[in-house]
Amino acid sequence: MAVDADPDGNLAAALGVPPEDTPEPIAHMRDLILERTGAQDQGGGLMFRLNPQVDDLPERFSTRIRGVRLLVLGTVEMGGKGCMCPESAVLKALLQHLLLRLPDDVLLDMEAGLEHMGRASARGVDALIAVVEPGMRSVQTARRAQRLAADIGIARTLVVANRIRRPDELAMLRQALAGQEMLGFLPYCAALARADLEGRPVELRDPELTEAVEKIGEALERELSGVEGSSARFAR
């Protein structure tokens, strides 16, 4: 299960899901939100359930592509909308269901920042993966992510170096992130950059990039070989 939990979500495009097949974001399903939370669409005061039923949502509202189920959570789409409390209650309950009860491997594509750590929306994952690019601002964010992850009970914080052009860039990142487990690195790929510019999905045709992705997958399997049960949850 791949979950687009980024407010600026584009995981569907990266996976090659056509726009017409992209799941509707859960947060945009106003009637569903009101039904599950018991909230009123208008009027003074706002009361709603904090533990809405969500166990049927992954199967109903996900799209399958190449052995992966994609679910899009969504966020506020209009400036000045105000309180997203009922939507947040559904999304939080859904995340907890995915992380604690779904019998599949779960990959969460989170927002590129630290806010979800403060909200503890990534609590319950087996591993947090920070994607770090050559640059000290990216390194500083990864360091903060490691500290905040520990605060919410995430024991494993892992690193993937991205867009590496030269060996010295990787060496400097390893040195700057000493003490954090680096799963591997992804070389800079002009073809991927071009695909992104043209809005095309990711295709691993570059042999060097394909090998790098496979090595990262193998390293992640080794890292999580001791996880109890048959499934694992990752947050990126």
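Leu 128 sits opposite Thr 157 of strand β6, and that pair is a handy place to start reading this predicted model. Leu 128 belongs to a parallel pairing: β5 and β6 (residues 157-164) are joined over five bridges. To get from β5 to β6, the chain passes through helix α6 (residues 136-151), and the resulting β-α-β crossover is right-handed.

Now look at β5 from its other partner. Strand β8 (residues 233-235) also runs parallel to β5, with two bridges joining them. Leu 128 turns up again here, since its bridge partner in β8 is Ala 235. As for cover, β5 spans residues 127-132, and five of its six residues are buried. Keep in mind while you click through the residues that side chains in a regular strand alternate between the two faces of the sheet.

Zoom out and you'll find that these strands are part of an open sheet of eight, ordered β2-β3-β1-β4-β8-β5-β6-β7, with mixed pairing. At the edges stand β2 (63-65) and β7 (181-187); each has a single partner strand, so one side of each lacks a neighbour in the sheet. From one strand to the next, the twist averages 25°.

The β2 edge is a good spot to see the antiparallel part of that mix. There, β2 and β3 (residues 68-72) run antiparallel and are joined by three bridges. One residue pair to pick out is Arg 64, whose bridge partner in β3 is Arg 69.

Next come the helices lying against the sheet. The crossover helix α6 packs on it, touching β5 and β6, and its direction makes about 170° with that of β5. Helix α7 (residues 167-176) packs on the sheet too, touching β5, β6 and β7, with its direction at about 155° to that of β6.

Finally, hop over to a loop. Between α8 (190-197) and α9 (207-223) you'll find Pro 201. How far apart are Pro 201 and Ala 12, in sequence and in space? They are separated by 189 residues along the sequence, but their C-alpha atoms are 8.6 Å apart. Setting aside neighbours within four places in sequence, Pro 201 is in contact with Ala 13, Ala 14, Leu 15, Gly 16 and Ala 195. Is Pro 201 buried, exposed or partly exposed? Its relative accessible area is 28%, so Pro 201 counts as partly exposed: the buried class stops under 20%, and the exposed class begins over 50%.

Definitions and conventions. Residues are numbered from 1 along each chain as its sequence is written. This is a predicted model: local features need pLDDT of at least 70, side-chain atom pairs count only at pLDDT 80 or more; totals for chains, interfaces and linings use all residues. Side-chain values use heavy atoms; hydrogens and water are left out. Buried means under 20% relative accessible area, exposed over 50%, partly exposed in between (1.4 Å probe, protein chains only). Helices (H or I, at least four residues) and strands (E, at least two) are DSSP runs, numbered from the N terminus. Two strands pair if DSSP finds at least two bridges between them. A crossover is right-handed if, with the strands pointing away from the viewer, the path from the first strand over the helix to the second runs clockwise. Contact means heavy atoms within 4.5 Å. Axes are lines fitted to C-alpha atoms, for helices over the stretch in contact, and angles run from 0 to 180 degrees between N-to-C directions.
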